[in-house]
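Here are my notes for a colleague opening these coordinates for the first time. Please read them with the model on screen.

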Amino acid sequence: MSHEAHSIAVRASGVDMFFGTPDNQVVALKQADFEARRGELIMLVGPSGCGKTTLLSVIAGTLTPQAGTVEVFGQRLDGLGQEELTAFRRKNLGFVFQSFNLIPTLSVIENVMVPLLIQGRPYDEARARSLSIIDKVGLKGREDGRPNALSGGQQQRVAIARALVHEPPLLICDEPTSALDKDTGAHIMQLVRDLSRSPERCVVVVTHDHRIFRFADRIAEMEDGRISRVVDDPKLLDTTHL
Amino acid sequence: MYRLALNMLFGDRAKLAMLLCGLAFSALLMAQQSSVFFGIMSWTYTPMVNIRAQVWVSDPMVEQVNDAKPLRDTDLGRVRSVDGVAWAAPLHTSFVQARMQDGNFKLITLVGIDADTFAGAPAVLTQGRIEDHRLPDTVIVDEWGASLMGRMGVGPDGKPRSTPLKVGDTFEINDIQARIVGICKVKRAFTGGPFVYTTYDRAKGYTLGARRTLSFMLVEPQKGVTPAELCGRIERDTGLKAWTSDTVIWNWGERSLARNTFWWFWTNTGIPFSFGTAVLLGLFVGIAISGQTFYSFVLENLKYFAAIKAMGAGMGVIARMLFVQAFTAGLIGFGLGAGMAQAIGRAMIEKGMPPFVMFPQILWATFALVLGISFVSAIIGIIKVSRVDAASVFRG
């Protein structure tokens, strides 16, 4: 295996994804190709409806494409059944959602513990590890409070803690700053960058927010269901249509 | 995850309260109505409880204890001659009108017992002595009857008040004087009227010389002969019907007169239908309220369940979380409902009506039904969550 092949974290090739009935078909992805490397933070950008979220879902194994192959850390996802995909996500993926998705009836620490408990870790171990990461995201002392008592930025910090507590190799972030103001969004992205930076971890961020492009190692631009180009420098992108 | 599932449930107090209200109300309705039903049904065979004898003999056409078909007095001799009979005593039961001193009439259950042996006499007298029963024109009245037949007067507050009859008071049965020499404690009857005990011969007088007055025969088997065995012999030798007197509802033998009485009322009256409807109503109300509330709880948490699915929880884990939540609510709801039913039952027993018999089996059945409601609620939630696409978490 070449060095380049070894460094690939995510590879999607010729992916097709359609929704709706044959008479009324919506093309979400059309022969889409995408690659993300280990140790990098890559952003998926593009106008609304270009297929960013669909591609993210395919990479995350929550959607199975109608055509093409998807490989994540050497594991082909396109041939896996639902149970295998679920097990794959449990072990390999961390999620940061646009609307945080923190369970309001649970405390901050209980929310963070969820991925570990899903993995079947003992409650006390899950609690100890969660406390440690809550400390790292700067919310020490708030662990027993409810998420709705926190600001939007603090809630997203909890979501980041939850996404990283089980140390997944792939971190998926869906519009992580869209519900936050400029400064808070920048702090959150800095946190994602600081905490997730690891030679073995890949971070894929879907965003519309051009203010955070500077945190990316590479940016993949999407258009009409496929990657139109990949750039290293955000200044090379035309952001007027994003 | 189960601990978190419970925290999710207890964290939404408004929904939890609604859920528990539905389940508790349902459990209360089912347990309370079933207990009143069995209480009322236990009154149907009250004579079997109040009049103690191991074997009862009746006309072959008798179906239940309140429906006596008179026998000939000579039948008593035939029964006494059956091998295995230690003794046999006559028993008269009938409904007659009694006239009170204030001119009021009351329907009473007249019980005539053997004057020599007092077989069938009430076991507990709260006033008077059983021996005085041998004096002329004397009767023993039960406590409940004494208060029903009491003298109407005016209390210190100016309101009408009934003073219960006591030893020494008199009334008339078919214009013949009846003097109270004892007040006894017996179980109340389905008919609700007073029990008036007298001797068998005096009962003949009170019924104005009816041609046949022998309603039942009370029989004791000899040592070593079981009641069921003796029943078989009596039926074979005399052609009469013989019954055992077991009254424990869960332990009825084939020949139990109490069992026959219970089922007679079950099939010939609307009581089971009426109470059965109330119990079913409790079940449906429980399913409707808790099912709907649990469903709305699941709907409210749907996006979080979708997120948990996306994070790698299989449907098995989520289904178990929902079962834990539903069954925990069911357990608490059952506890509250059964506790309230018990409290209401105690208050009822203290006031003397209506009857309330809460068998452990009623509690178990109610518990099973409440768990059934919880199960249905959980299944509704599981179906909803199973249809949620994990990818939906990326759609904002």
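1. Start with the sheet in chain A of this predicted model. It is open and has 6 strands, ordered E6-E7-E8-E3-E9-E10, with mixed pairing. Strands E6 (93-96) and E10 (226-231) of chain A stand at the edges; each has a single partner strand, so one side of each lacks a neighbour in the sheet. From one strand to the next, the twist averages 20°. Strands (E, at least two residues) and helices (H or I, at least four) are DSSP runs numbered from the N terminus; two strands pair if DSSP finds at least two bridges between them.

2. Helix H3 (residues 82-92) of chain A packs on this sheet, touching E6 and strand E7 (170-174) of chain A. Contact means heavy atoms within 4.5 Å. The direction of H3 makes about 75° with that of E6(A). Axes are lines fitted to C-alpha atoms, for helices over the stretch in contact; angles run from 0 to 180 degrees between N-to-C directions.

3. Within the sheet, E3 (residues 41-45) and E8 (residues 202-206) of chain A run parallel, joined by 4 bridges. Met43(A) stands opposite Val205(A) in E8(A).

4. Now chain B. Strands E6 (residues 151-154) and E7 (residues 160-163) of chain B pair antiparallel over 4 bridges. Val154(B) has Pro160(B) in E7(B) as its bridge partner. The hairpin has 5 residues between the strands, and Gly158(B) takes a positive phi near 85° there.

5. Chain B divides into domain 1 (2-42 + 271-394) and domain 2 (47-246), with bounds from an automatic or database domain assignment. Their C-alpha centres lie 48 Å apart.

6. On conventions: residues are numbered from 1 along each chain as its sequence is written, and chains are lettered from A and ligands numbered from 1 in the order written. Local features need pLDDT of at least 70, side-chain atom pairs count only at pLDDT 80 or more, totals for chains, interfaces and linings use all residues, and side-chain values use heavy atoms, leaving out hydrogens and water.
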